[in-house]
Amino acid sequence: MDIDDSLYSRQRYMLGDHAMKKMMSSKVLIVGCDCLGVEIAKNLALTGIGYLEVTDSQIVDMEDVATNFYVTQKDADDRLTRAAACVPRIQELNQYVNVLVSSLDNTIKSAVDADADALDVIRGSLTQFHCVICSQSTWDQQLLLNKICRELGDVKFVCANVYGLFSSIFCDFGEKFEVHDSTGEQLKEGFIGNITNSVEGLVTCFDNTKHGLESGDLVMFKKLKGMSDLNNQIYEIKVSSPHSFTIGDTTTLPRYERSGMYKQVKHTFVISHESLEKQLSNPSILPSDFGKMDNPLITHAAFIALDNFLKEKSRLPKSSERNDADCLYQMFLAVVKEREFIVADDKLARAIVEALSSSCRGFLSPLCAAIGGIVSQEALKSLTGKYSPLKQWLYIDALELYDAEMKDEESHSSYGNEICLGTGVSDYLSNLNVFLVGCGAIGCEMLKNLTLLGVSSGNAGGTMTVTDNDTIEKSNLNRQFLFRNKHVSMSKSEVGVIVAKEMRPTLNVKAMQNEVGPGTEESIFTDLFFKSNDIVVNALDNVAARRYVDSRCVSNQLPLIESGTMGPKGHVQVVVPFLTESYSNQSDPPDVQYPFCTLKSFPSRIEHTIQWARDKFESLFSQKPMLYNKFWEHCFNNCGESRPCFEGFLKYLNDGGSASDARIVIKLLQSMPGDWSGCVAFALRKFNVFFNHKARHLLDAFPLDTKLENGSLFWSLPKRPPTPILFDGKNRLHMQFIISLASLTASVFNIATPVATDILQTVHHALEKSDIPHYVPSRKEIITDDSEMPASNPDDDDIDAHMLAAKFKDVSSTNPRIPSSLNPEHFEKDDDTNHHVDFISATANLRASMYGIDNVDRLEVKRIAGRIIPAICTTTSAVAGFATVQFLQLAVQMMRNQASHGCNWVQVSAEEGVDKLPVFRNAFLNLALPLVIFSEPASAPRFPIGSNYAFTEWDRWDLQGRADFKLEDFVEHFQDKVKLRVSSVLQGVMMVYMSFMPGHRKRLGKPIKSLLKTNSAATYVDLTVTFRNDGEGDDFSCPRVRYYF
């Protein structure tokens, strides 16, 4: 079963081929295609399960039109069932998935009513499925299906419900479910510094590096010198410290001498789930919010009470009926008593039941999106055994959004989100101005969520602006569900906007294709543009862009929703003006940088050889060809020639051109092949230089018995001695290197290559005519110190220009076909026909073999070389859902601020901030474990100015100037304001005024505008001002100063 890597590559890196193939042969039944069910179906179709059957015979109504993104008004007019309306659109997501409509839900209802024939039909039908998922089913239906799944033995069961602001997930994978990979993390490995002969057997890591292991992990040892009985054996470890662990009794083993490695080993374990019937009375609930520890159990009891209410009254409570809320609360108390639940906070219980009663007839669509993402991931776990399943309940609520005072009478025209939030909030959302930055995976989900909420869909001028400068690629279709095959190569933002308007024709939305960055700051995304928006939403995939947008939001005092994913992990951060810290307050870990000598001569890990191969690719096929083109372009401009010539070459050097660049041009011409056979011969020479001569040079410099000053062997781990490789035309990896390097060389020099079917034969024929170069010992110095960098090339002044020109003349006389330009290659990881990944894979693995490092497959090389971040739509859906809930919280808070203060955001004291923070929630997810954690955002750090003032990064001091406003007026203004002496004034990095510089005192009498760099259209400038006390002490910072001209 082949995996379409062009579609699934990002997901493949997360799940692995074994899990992917199990998914592709699996069958899933979804019962219910409402707002939640369609989210689950969408995610499973995108991930590529083999067969998906959807059953929902409910006729489409206005509730569905308002909350289900695959349902239209026409479906309601045509009286289609939910399944019939949605399935064709779900099928469009993935051609590899069979999506069918079923009417089994009617049979399930009959079976619940004790219809024996219906029960037999269900038993027979469920035998073909590997997993059954229930969405918005009654407890009786869920209990029946769970019981049958358990009886059948190998059918996994997941159910989920969303009632208004509250949600639940339950999983039952049976009593003996095997988990093959509990975390999905990369296997840890490292070098060993010592192993003691003791009862505990203490293993210490080389150079006190951190091992990253946990007690209970399994490790295998390799290449130990002394204590070799441990080699290739697996031990369970117990962590002693971040740098050491124990493996048990080693007293009978020989003494450890040196070297050796450990590598973590994955192991399968079995988990046991209880039935739904047992778990209803004794629920095992995963905690998700330590600020709401009592909420899950209360919600659990309230959901049971809600089902009892539905049975008794054949309807759900109405939000405007006080009697319904009271009745539901009495049923809740009865459930608590009957099942002996411990509810400690009666006031909280009453509030939760009241909010549930008020909102349960609606769907909060972003909560459906979040729960749909988590449920889909649990379903994938049931099919593959990849990651740890939920054990067994998860309850999540958006109780912070409930405000009885903001709710109004429920009318016959209230649907979905409007029931949950109230018409006042819905109207407010419809008139918001929103800036969505990015329309990739998270961007598509956010655009869908905001559209379903009716954001920017009113008549009062609210507009949503969506910008993304990227175009759609096939690999995007696995996660970016608004796009189809027909959209490949089109603009992401334009297509996203078109599809969003199909969901809600009244949406006021504008698509842009501009990058948000310094280049568009003064022309497109100006401060005026930012201030025209109410909320900014980040859907970006790199830290630099996130930090930039964050800085613009802070400077313009705008709220920001920030989110991101990496495989099964995700985060949501809400950034609130004057209240919370910004995104930039926290720093991400820096990218790993490998020492030069490690890459050059002493690799110890496959990552080192892959980086070396990537560097060789850039040097051979990108940097040198670009340098060649730039060299001749300069020559042509200076001497008027149109082709490479001796006169142009000499004039370039005499005019001060780079002699080192000229030397590289000569070497390129000397090695330039004339035809395909020459490309193959060039590749063979490189093979011997890379994998034979370099190894022999190292061994000449440092023979195997070389010792350091302390008497230890030079070649001890992590240093590995290389073994020279002899070329073998029958070796697949050797031939891959030759073919890929020859093909890339031909492309750079514009040489015709054979057709694919003939390439192997022509390569063998060319190799027969090629001579293998002999090894010539080198005197080149080898750097062994990690902190040392390579010596620079000799100064150009020391190179004789005429000598270089003479060399060029010799080369040009023997090679009349000197090209005026070459064709540089730019690394593209997702094109399997361009030989880029083939070259890096072959080169990295050959170098790894030379150093005794385990090889990895092409897919792993592609991930590391291409810096690919694993991704899957389930995490994206969950993260975007939770991010949209926080978007709603921002909108509600803005609405309240408008009512009480007449503006969106107001400055708050530290004490006021403590009271306002709890309504907001940051989120961290790891769906592999699974882990869902919500927490209050951190408050904005406060910085003192002397002993009397303090400010946050959100604060800004505005100063209105005038035409004759001088620098001394500026200084005196702040001396009066804060009673501190101005020490410095800076515009960006430009010094406007430094009090300790004598020359700057003359500037005090000048108009301040004359000292600033501004464009003619600017009306203000942001300045950084620092102060110094009249006494001694350090300078004090202050808020940004916005000076208006």
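**Exercise 1. Aromatic pairs**

Find how many aromatic pairs this predicted model holds, then classify the pair of phenylalanine 525 and phenylalanine 529.

*Solution.* Start with the total: the structure holds 47 aromatic pairs. Next, take the two rings named in the task: the centres of phenylalanine 525 and phenylalanine 529 are 5.2 Å apart, and their planes meet at 65°. Centres within 6.5 Å make a pair, and planes over 60 degrees apart make it edge-to-face. The pair of phenylalanine 525 and phenylalanine 529 is therefore edge-to-face. Finally, check burial, for which the cut-off is under 20% relative accessible area. Phenylalanine 525, at 0%, counts as buried, and phenylalanine 529, at 15%, counts as buried too.

**Exercise 2. A pair between a helix and a strand**

Work out which parts of the chain are tied together by phenylalanine 974 and phenylalanine 1027.

*Solution.* Begin with the geometry: 6.2 Å from centre to centre and 55° between the planes give a tilted pair for phenylalanine 974 and phenylalanine 1027. Now place each residue: phenylalanine 974 belongs to helix H33 (residues 967–978), while phenylalanine 1027 belongs to strand S30 (residues 1020–1028), so the pair links parts that are 53 residues apart in sequence. Both phenylalanine 974 and phenylalanine 1027 are buried.

**Exercise 3. Charges over rings**

Locate the charged residues that sit over the rings of tyrosine 329 and phenylalanine 714.

*Solution.* Over the face of tyrosine 329 you will find arginine 350, at 4.4 Å from the ring centre. For phenylalanine 714, the partner is lysine 719, whose charged end sits over the ring, 5.5 Å from its centre.

**Exercise 4. Nonpolar cores**

Identify the helix that gives the most residues to the largest nonpolar core, and list the contacts of isoleucine 169.

*Solution.* The largest nonpolar core has 200 residues, and among those that touch the most other members are Leu44, Leu126, Ile169 and Phe887. Helix H31 (residues 873–901) contributes the most to this core, with 13 residues. Leaving aside residues up to four places away in sequence, isoleucine 169 touches Val158, Cys159, Ala160, Ile371, Ile374, Val375, Leu390, Gln392, Trp393 and Leu394. Apart from the largest core lies another, of 78 residues, including Ile738 and Leu822.

**Exercise 5. Strand S14 and its partners**

Describe how strand S14 pairs with strand S8 and with strand S10.

*Solution.* Take S8 (residues 189–195) to begin: its pairing with S14 (residues 261–265) is antiparallel, over three bridges. Here glutamate 189 stands opposite lysine 263. Then turn to S10 (residues 218–222), which pairs with S14 in the antiparallel sense over five bridges. In this case lysine 222 faces methionine 261 of S14.

Definitions and conventions:
Residues numbered from 1 in each chain as written. Predicted model: local features only at pLDDT ≥ 70, side-chain atom pairs only at ≥ 80, totals over all residues. Heavy atoms only, no water. Phe/Tyr/Trp six-rings, centres within 6.5 Å; stacked < 30°, edge-to-face > 60°. Buried < 20%, exposed > 50% of the residue type's maximum accessible area, 1.4 Å probe, protein only. Helix = DSSP H or I, 4+ residues; strand = E, 2+ residues; numbered from the N terminus. Lys NZ or Arg CZ within 6 Å of the ring centre and 35° of its normal. Core = buried A, V, L, I, M, F, W, Y, C linked by side-chain atoms within 4.5 Å. Contact = heavy atoms within 4.5 Å. Pairing = 2+ DSSP bridges.
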